[in-house]
Amino acid sequence: MFDLVSKDQSRSKLRVTTSLSRFRRDDEGSFVIFSLFIFILMIIIGGLAIDLMRYENLRTTMQNTIDRAVLAAADLNQEVDPKVVVADYLDKAGMENLPYEVFVDDKKVGSDVVDRTVYVSSTVVMDTYFMKMIGTPELPVPVATKANEQINDIEISLVLDVSGSMGWGTKLPEMKDAASDFIDEVMLNTEPGRVSMSIVPYATQVNPGADLASKFNITTEHTYSHCIEFETEDFNTTEMKPGVLRQRFGHFDPFSNEDEGRVLVEDGGNWTPHWSCRTEDAFEITPWSISPSTLKTQINALTAQGYTSIDVGTKWGTALLDPSTATVVDGLVGDGVLNNKLSGRPSAYADPNDDTQAEVLKFMIVMTDGVTTTEWKLDEDYRSGPSGFWRDPDSGRYSFAHQEVGDEDGDGISNEAFWLLDGHDEDYASHFAAEIYDVDEDGDVAEEDDRNAYELDWTEVFASMSVRDYAHSAFREQTGSNQDYKDARNDTRANLAAGPKVTRLHAICKQARDAGIVIFSIGFEVTDDSALVMQQCASSPNHFFRVDSEKFDIAYAFDAIANTINQLKLTQ
């Protein structure tokens with residue numbers, strides 16, 4: 001059987017076949033063109049990547065070289081001209097033909113450069129390989145960098161615990177060595193006058209010494225010592241304005257037992273005082289010193305005695321960093337007590353909104369080996385005024401006209417005065433001589449007595465005997481009453497307990513931190529409770545060091561603090 005196809009059908013099939021062939025040829029041509037376009041585009045993109053890679057490589061090399069050159073040129077320790085330093089770096093890097101500009105800005109104090117800014121800029125032109133195909137035959141390669149190095153003024157308060165417990169074992173010698181090394185690390189290899197340091201030894205109290213105290217408005221009951229009795233509100237501010245009237249701390253010994261002696265050693269007695277306000281030279285504040293040898297001399301002379309008032313030590317440490325005491329510094333400079341390079345210190349606190357303000361870093365290191373304890377002070381009724389105690393300068397004896405002795409007319413005034421023997425002799429057990437001297441109705445030694453006895457002010461009484469000795473002599477020996485003795489002793493002394501003192505410490509630490517003072521604290525063989533208190537005082541937990549003689553010793557803490565301060569000396 002045969003299929004019969006007409007001529008028209010054959011022609012139609014031929015036309016269709018021909019059209020399909022043409023379509024295949026046109027499609028293959030377009031594909032070739034499209035592929036060629038993609039290939040050329042890939043070459044261009046690859047070329048662009050190569051040019052960009054060359055650009056970045058050149059820019060990075062230039063930038064790194066210039067960065068190193070600028071940092072070296074800004075270094076205040078090198079004596080070569082900064083422009084020469086930059087040229088030398090580029091030469092050694094094979095970039096001696098590099099076009100560049102150098103700007104140097106030095107700030108001086110006297111002949112010393114204390115602030116240097118170096119700015120370098122350069123621009124080169126790189127010929128492109130492939131980007132020229134799209135109309136970019138060249139690419140500019142600009143680089144610039146600036147380095148600043150300045151010597152910051154640094155102010156430091158070193159607040160050191162020298163209470164009685166620091167005398168146990170080797171704690172005090174270890175602390176002395178560590179603090180002395182700290183002074184060397186921070187102050188040596190530093191532009192003279194840029195770092196000032198105050199040492200604040202504290203125990204029951206802090207004695208600023210006569211020179212420093214003279215610049216404050218302190219009451220004048222006595223001049224035996226110069227401690228200040230702070231009020232609670234004083235711990236709510238970093239300021240310590242010199243013109244504000246402050247109560248002088250009572251000069252007395254609240255600790256010594258009556259069997260430790262009767263009168264001062266220079267009067268023939270054997271009493272070694274334990275003053276609440278210690279008076280030895282090494283216990284006085286060394287304020288605002290730029291002399292490492294002066295500071296270390298005080299450190300080496302420190303001794304341990306007394307209770308622990310971390311709050312009082314920290315208050316003084318903060319005050320010596322606060323600009324409110326700048327007039328005190330100027331006054332001491334004028335007196336020749338302080339170096340004239342210290343004029344203007346303590347500097348104002350840093351103001352982040354003032355770019356013209358000098359950079360000043362303020363640090364306080366507070367060290368203790370214990371916890372804040374009771375602060376003993378004289379009751380206000382015993383700070384000054386007539387005491388009823390008498391002294392015979394001829395014999396050196398003391399007397400107390402007790403109202404229960406010889407009150408013949410019942411008016412409460414003694415008509416007789418027993419005279420206390422000085423020193424230990426055969427009558428020491430009774431504390432009284434056999435002789436009795438007449439006292440008139442006003443309590444004065446009678447005129448007919450040819451002795452030169454005089455009534456002591458309370459300040460003189462407690463400069464001559466301990467509180468316990470006073471109570472023993474004036475009451476127990478005269479009335480035979482142990483309760484009278486205790487009452488007299490307790491009435492004379494007042495105290496501030498540890499709890500409120502810790503609250504005061506937290507308050508002044510917060511004020512110091514808020515003002516911008518960086519606080520490091522050290523707990524040397526302390527309890528967990530004390531460690532927590534000291535950590536809360538520090539600027540952060542990382543600023544607190546808990547050390548002992550076995551694991552991390554106190555030298556480790558001081559060394560770590562010194563390294564931190566030294567790193568902050570220079571700002572680049």
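A cavity is a set of points on a 1 Å grid over the protein atoms alone where a 1.4 Å probe fits but cannot get out, and its lining residues have an atom within 4 Å of a point. Grid points are joined across faces, edges and corners, and a volume is the space filled by probe spheres set on the points. The model is predicted: local features need pLDDT of at least 70, side-chain atom pairs count only at pLDDT 80 or more, and totals for chains, interfaces and linings use all residues. Residues are numbered from 1 along each chain as its sequence is written, and side-chain values use heavy atoms, with hydrogens and water left out.

**Exercise 1.** Find the volume of the largest cavity and sort its lining.

Step 1. The structure has 2 cavities of 30 Å³ or more, and the largest has a volume of about 40 Å³.

Step 2. Its lining is made up of E221, H222, Q247, R248, G250, H251, L378, R383 and T459.

Step 3. Sort these with Ala, Val, Leu, Ile, Met, Phe, Trp, Tyr, Cys and Pro as nonpolar, Asp, Glu, Lys and Arg as charged, and the others, Gly among them, as polar. You should get 1 nonpolar, 5 polar and 3 charged.

**Exercise 2.** Locate the disulfides (pairs of cysteine sulfur atoms within 2.5 Å) and give the handedness of each.

Step 1. Searching the whole structure turns up 2 disulfides.

Step 2. In the pair C227 and C277, the sulfur atoms are 1.9 Å apart. The torsion about this S-S bond is about 85°, so the disulfide is right-handed. C227 sits in the loop between helix 4 and strand 6, and C277 in the loop between strand 7 and strand 8, 50 residues apart; helices (H or I, at least four residues) and strands (E, at least two) are DSSP runs, numbered from the N terminus.

Step 3. For C509 and C537 the sulfur atoms are 2.1 Å apart, and -75° about the S-S bond makes the link left-handed. C509 belongs to helix 11 and C537 to helix 12, so the pair ties together parts 28 residues apart in sequence.

Step 4. Counting bonded cysteines along the chain, the pattern is 1-2, 3-4.

**Exercise 3.** Work out which helix gives the most to the largest nonpolar core.

Step 1. Take buried (under 20% relative accessible area, 1.4 Å probe, protein chains only) Ala, Val, Leu, Ile, Met, Phe, Trp, Tyr and Cys residues, joined through side-chain atoms within 4.5 Å.

Step 2. The largest such core has 43 residues, with L212, W288, W316, M364 and I519 having the most contacts inside it.

Step 3. Helix 11 gives the most, with 5 residues.

Definitions and conventions
Buried means under 20% relative accessible area, exposed over 50%, partly exposed in between (1.4 Å probe, protein chains only). On a 1 Å grid over the protein atoms alone, a cavity is a set of points where a 1.4 Å probe fits but cannot get out, and a pocket is an open set with protein on both sides within 12 Å along at least five of seven lines; lining residues have an atom within 4 Å of a point.
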